[in-house]
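The exercises that follow are meant to be worked with the model open beside the text. Try each task before reading its solution.

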Amino acid sequence: MDWQGSLVRVKGLTIFYVVVYFTCGNPGGVNDAKFQEILAAQRNLGFPLVLVADFNATPDEIVARGWPAMVGGHVIKAEVDCTCSSGKGRHLDYVVASKC
C-alpha cells in the first residue's frame, strides 16, 4: 500500500488525514485505483479529507481528472516556483482538501 490514513481531531473537528505517493509516469490505472481506495475510505468514515501527496502530476492534471471535485474540495499548493526541480520543474507535491 502506498498510502496511510489517520483520524485527527482538532478543536472538535475530526479529519481523515492521508499521506500518499502516487506512482510516477502513470496518471491513470494504478493511481486511479489508489485514489478510489482513499475516496471509498473517506466516504465510509464520513469525515472531511486532507490528502497530502506526491501526486506525480500537476494540480491542473489532477483537477482535470476530477479528483478534487470527487471529495468536494480543492487543491492547496505552496507558493513556490516548483516542488520538483527535475526536468522543467513542476508542482507535484501539494494538498487536496475537502471543505469542512
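**Exercise 1. Compare the expected span of helix H1 with the distance between its end C-alpha atoms.**

Solution. In this predicted model, H1 has 16 residues, and at 1.5 Å a residue the helix should span 22 Å. The expected span is 1.5 Å times one less than the number of residues, so the count must be lowered by one before multiplying. The end C-alpha atoms of H1 lie 23 Å apart, which agrees with the expectation.

**Exercise 2. Find which residues of H1 are buried, and what covers them.**

Solution. Start with accessibility: a residue counts as buried under 20% relative accessible area, and in H1 this holds for Asn 31, Lys 34, Phe 35, Ile 38, Leu 39, Ala 41 and Gln 42. Next, consider their directions: these residues cover an arc of only 160° around the axis, which puts them on the same side of H1. The face turned away from that buried side carries the exposed residues Arg 43 and Asn 44. Finally, the cover over the buried residues of H1 includes strand S1 (3-10), S2, S3 and helix H3 (67-70).

**Exercise 3. Describe the backbone and surroundings of Gly 46, just after H1.**

Solution. Gly 46 belongs to the loop between H1 and S3, and its phi is positive, at about 80°. With a relative accessible area of 58%, Gly 46 is exposed. As for its place in the fold, Gly 46 and Phe 16 are 30 residues apart in sequence, while their C-alpha atoms are 8.7 Å apart in space.

**Exercise 4. Trace the aromatic pairs that involve Phe 55, and state which parts of the chain they tie together.**

Solution. A search of the whole structure gives four aromatic pairs. In one of them, Phe 22 and Phe 55 are stacked, with 5.3 Å from centre to centre and 15° between the planes. Phe 22 lies in the loop between strand S2 (13-21) and helix H1 (30-45), and Phe 55 in the loop between strand S3 (49-54) and helix H2 (59-65), so this pair ties together parts that are 33 residues apart in sequence. Both of these phenylalanines are buried.

Phe 55 also forms a stacked pair with Tyr 94, at 4.3 Å centre to centre and 15° between the planes. Because Tyr 94 lies in strand S5 (residues 93-98) and Phe 55 in the loop between S3 and H2, the second pair ties together parts that are 39 residues apart in sequence. Tyr 94 is buried, as is Phe 55. As a last step, place these rings in their wider setting: ring pairs link Phe 22, Phe 35, Phe 55, Trp 67 and Tyr 94 into a cluster.

Note on methods:
Residues numbered from 1 in each chain as written. Predicted model: local features only at pLDDT ≥ 70, side-chain atom pairs only at ≥ 80, totals over all residues. Heavy atoms only, no water. Phe/Tyr/Trp six-rings, centres within 6.5 Å; stacked < 30°, edge-to-face > 60°. Helix = DSSP H or I, 4+ residues; strand = E, 2+ residues; numbered from the N terminus. Buried < 20%, exposed > 50% of the residue type's maximum accessible area, 1.4 Å probe, protein only. Arc of directions from axis to C-beta. Contact = heavy atoms within 4.5 Å.
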